[in-house]
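Q: I've got this model open and I'd like to learn how to read its rings and its cysteines. Can you walk me through it?

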Amino acid sequence: MIEHFAMGWVTPVLSFLLSCAGCAVGLTCTARARVSRGAASTGWLALGAVAIGGTGIWVMHFVAMLGFHVRGTETRYDVGLTIASGVLAVLVVGLGLFIVRAEGVGVAALIGGGVVTGLGISAMHYLGMRAVDVGVEVTYDLVIVTVSVLVGIVAATAGLWLAAKVRTLVAGIGATVVMGIAVSGMHYTGMAAMRAEVVRGGLVVPDGGVTASALLGPLIIGVTISTILLLVVVGVAPSAKELEAQAQFKDWQERQERIRQEAMDGSRRSVLR
């Protein structure tokens with residue numbers, strides 16, 4: 001009854017590539033956050049959350065959902081719930097990133113951040129599925145749902161660790177692929193839990209919601225604009241290595257200033273004696 005690849009391999013491949021793209025931009029932002037300070041570090045983490053949670057996870061989910069179809073029905077989407085699921089994805093990824101930054105990249109912080117983010121991503125997935133209306137009752141296999149949540153937690157923990165550790169280009173490419181596979185794996189595991197009743201008679205058309213084609217246009221425009229803006233910010237801003245060099249130079253200047261000030265204080269004390 002349920003098809004997850006109604007459009008062939010277009011949706012899984014495209015959604016995977018979009019997930020990788022979002023995670024790549026997000027990792028670039030988190031790399032800058034590690035070597036920045038104060039508000040700048042917070043800003044880079046927020047941008048990382050938008051890139052990973054928005055494009056890397058939510059957009060991947062929505063594009064993959066375009067291949068979802070229940071035979072004998074028309075698929076429609078609740079716009080409010082669909083947008084809410086996107087906002088939730090960004091918020092939980094941001095929360096996980098800030099937990100790891102605040103507590104350091106230790107085991108407890110990674111597990112705590114991974115559990116919070118993984119549960120949030122799972123909630124985003126099933127909220128997104130709740131936004132889908134096919135006009136017939138849809139149920140879920142509890143065992144597979146549990147497995148999908150565990151996959152989400154493991155994927156989130158791995159993502160947070162990679163966001164905190166990746167430094168080189170090769171490692172970044174590998175991390176991007178790993179995160180893309182993890183996000184896609186969680187999505188399709190959750191989709192495998194779905195069950196739908198048999199449709200008999202004519203085509204079942206839900207009363208509310210909008211069609212995928214009606215929602216696709218605004219989504220493409222929004223994703224395109226936000227991605228371009230993120231790329232412009234990342235491209236114009238100094239790289240993580242440049243920011244780190246600037247921070248080291250600033251530390252050196254501050255040390256030299258302290259040494260100079262201590263020398264002047266020592267001279268004054270000598271004169272007073």
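Q: Is Tyr 188 buried or exposed?
A: This is a predicted model, so what follows is computed from it. The call rests on relative accessible area, with buried meaning under 20%. Tyr 188 comes in at 18%, so it counts as buried.

Q: Which ring does Tyr 188 pair with, and how do the planes sit?
A: For an aromatic pair you look at the distance between ring centres and the angle between planes; under 30 degrees counts as stacked. The model has five aromatic pairs. In one of them Tyr 188 is stacked with Phe 5, at 5.5 Å centre to centre and 20° between the planes. Phe 5 sits in the loop between strand 1 and helix 1, while Tyr 188 is in helix 6, 183 residues apart. Phe 5 itself is partly exposed, at 40%.

Q: What else goes with Phe 5 and Tyr 188 in the aromatic cluster?
A: Trp 9 joins them. Trp 9 is exposed, at 66% relative accessible area. Phe 5 and Trp 9 also help make a nonpolar surface patch of about 460 Å², along with Val 13 and Leu 17.

Q: Now the cysteines: how many disulfides are there?
A: A disulfide is a covalent bond between the sulfur atoms of two cysteines. Here the count is zero.

Q: Why does Cys 20 have no bond to the closest cysteine sulfur?
A: The cut-off is 2.5 Å between sulfurs. For Cys 20 the closest cysteine sulfur, in Cys 23, is 6.8 Å away, so that is too far for a bond. Cys 20 is buried, at 11%, and Cys 29 is buried too, at 0%.

Technical notes:
Residues are numbered from 1 along each chain as its sequence is written. This is a predicted model: local features need pLDDT of at least 70, side-chain atom pairs count only at pLDDT 80 or more; totals for chains, interfaces and linings use all residues. Side-chain values use heavy atoms; hydrogens and water are left out. Buried means under 20% relative accessible area, exposed over 50%, partly exposed in between (1.4 Å probe, protein chains only). Patches are made of residues with over 30% relative accessible area and no salt bridge: like charges are joined within 9 Å, nonpolar side chains (Val, Leu, Ile, Met, Phe, Trp, Tyr) within 5 Å. Accessible areas come from the Shrake-Rupley method with a 1.4 Å probe; for residues, only the protein chains shown count as cover. A salt bridge is a side-chain nitrogen of Lys or Arg within 4 Å of a carboxyl oxygen of Asp or Glu. Rings of Phe, Tyr and Trp (its six-membered ring) pair if their centres lie within 6.5 Å; planes under 30 degrees apart count as stacked, over 60 as edge-to-face and the rest as tilted. Helices (H or I, at least four residues) and strands (E, at least two) are DSSP runs, numbered from the N terminus.
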